[in-house]
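Biologist: Could you take me through one part of this protein at close range, and then set that part against the rest of the chain? I would like a connected account rather than a list.

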Amino acid sequence: AVLRSDRWLIHAFANPVGTGGIGGHKHNDMLSFTALCDDVPVIIDPGTFAYTADPSARVYMRRTDAHATVVVDGTEQNRFIPGQLFCLWPDASPEVVSFEDNEDQARIVMRHDGYRRLHQGVVVERELVLNKHSETLRIFDRLRGHGLHRVQIVFPLGKRSARIVGETSVILGDIDTGEEIGRAHV
């Protein structure tokens, strides 16, 4: 899905493993997003690095914690198949719950169930809300399930810096000028 305002362009990903369920080129990037502000990358996708020349680098770049998404208990959304650089086990089924785009905001709610296989499994839901008037992006991550879990929320940054304010806000700024370009509320 694409969320757009005057300054922001955000691509949100909720696509399945694909290629007949084997995930040939798929990364563990469900519920991740990329964001550009004034055509400058803020939140990035790490890319692929290499296809076969460096198998460990390829696997690393496909990992859940290499993308702007939620990692639960240090586990992959979809399991890797040992020795198979172009396969993922299709553990997670993504879903776009809702999408809206009007003059005030662009909003998407998406979820996946890839962590249901864990002991006391959970379903992860992410909501991205881009306010077109204030030019702010709000991110809401919800985990539905039971038990205690270790949660890591990843935001790979481009040419921007991030400063955490309080427990729920992140201010994004330009590394070179120090100019504040946006805020994310998590």
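**A close look at V124**

Modeller: The residue I would choose is V124, which has its place in strand β8, a strand that covers residues 122-131. Please keep in mind that what you have in front of you is a predicted model. With a relative accessible area of 1%, V124 falls under the 20% limit and is therefore counted as buried. Once its neighbours within four places in sequence are left aside, V124 is in contact with L31, V70, V72, M110, R111, H112, Y115, R142 and L143. One of these partners, R142, is 18 residues away from V124 along the chain, yet the C-alpha atoms of the two are separated by 5.9 Å.

Another of the partners of V124, L143, leads to the surface, where L143, V151 and I153 make a nonpolar patch of about 200 Å². Of these patch residues, I153 lies in strand β10, which spans residues 151-153. The relative accessibility of I153 is 35%, a value between the limits of 20% and 50%, so I153 counts as partly exposed, whereas V124 is buried.

For the wider setting, the protein chain has one helix and 13 strands. Read from the N terminus, the elements run β-β-β-β-α-β-β-β-β-β-β-β-β-β, with four strands ahead of the helix. An open sheet of four strands has the order β1-β2-β3-β4, and its pairing is antiparallel. Because β1 (2-4) and β4 (40-43) stand at the edges of this sheet, each with a single partner strand, one side of each is left without a neighbour in the sheet. From one strand to the next, the twist averages 20°. Within the sheet, strand β2 (residues 8-12) and strand β3 (residues 33-37) run antiparallel and are joined by five bridges, and I10 stands opposite A35 in β3.

Taking the protein chain as a whole, buried residues, of which V124 is one, make up 43% of the 186 residues. Among the contacts with a separation of 6 or more, 53% are accounted for by residues 24 or more positions apart. The protein chain exposes about 9,400 Å², and carbon and sulfur atoms supply 53% of that area.

Note on methods. Residues numbered from 1 in each chain as written. Predicted model: local features only at pLDDT ≥ 70, side-chain atom pairs only at ≥ 80, totals over all residues. Heavy atoms only, no water. Helix = DSSP H or I, 4+ residues; strand = E, 2+ residues; numbered from the N terminus. Buried < 20%, exposed > 50% of the residue type's maximum accessible area, 1.4 Å probe, protein only. Contact = heavy atoms within 4.5 Å. Areas by Shrake-Rupley, 256 points an atom, 1.4 Å probe, with all protein chains shown as cover. Pairing = 2+ DSSP bridges. Axes fitted to C-alpha atoms, helices over the stretch in contact; angles between N-to-C directions. Patch = residues over 30% accessible without salt bridge, like charges linked within 9 Å, V, L, I, M, F, W, Y side chains within 5 Å. Salt bridge = Lys/Arg side-chain N within 4 Å of Asp/Glu carboxyl O.
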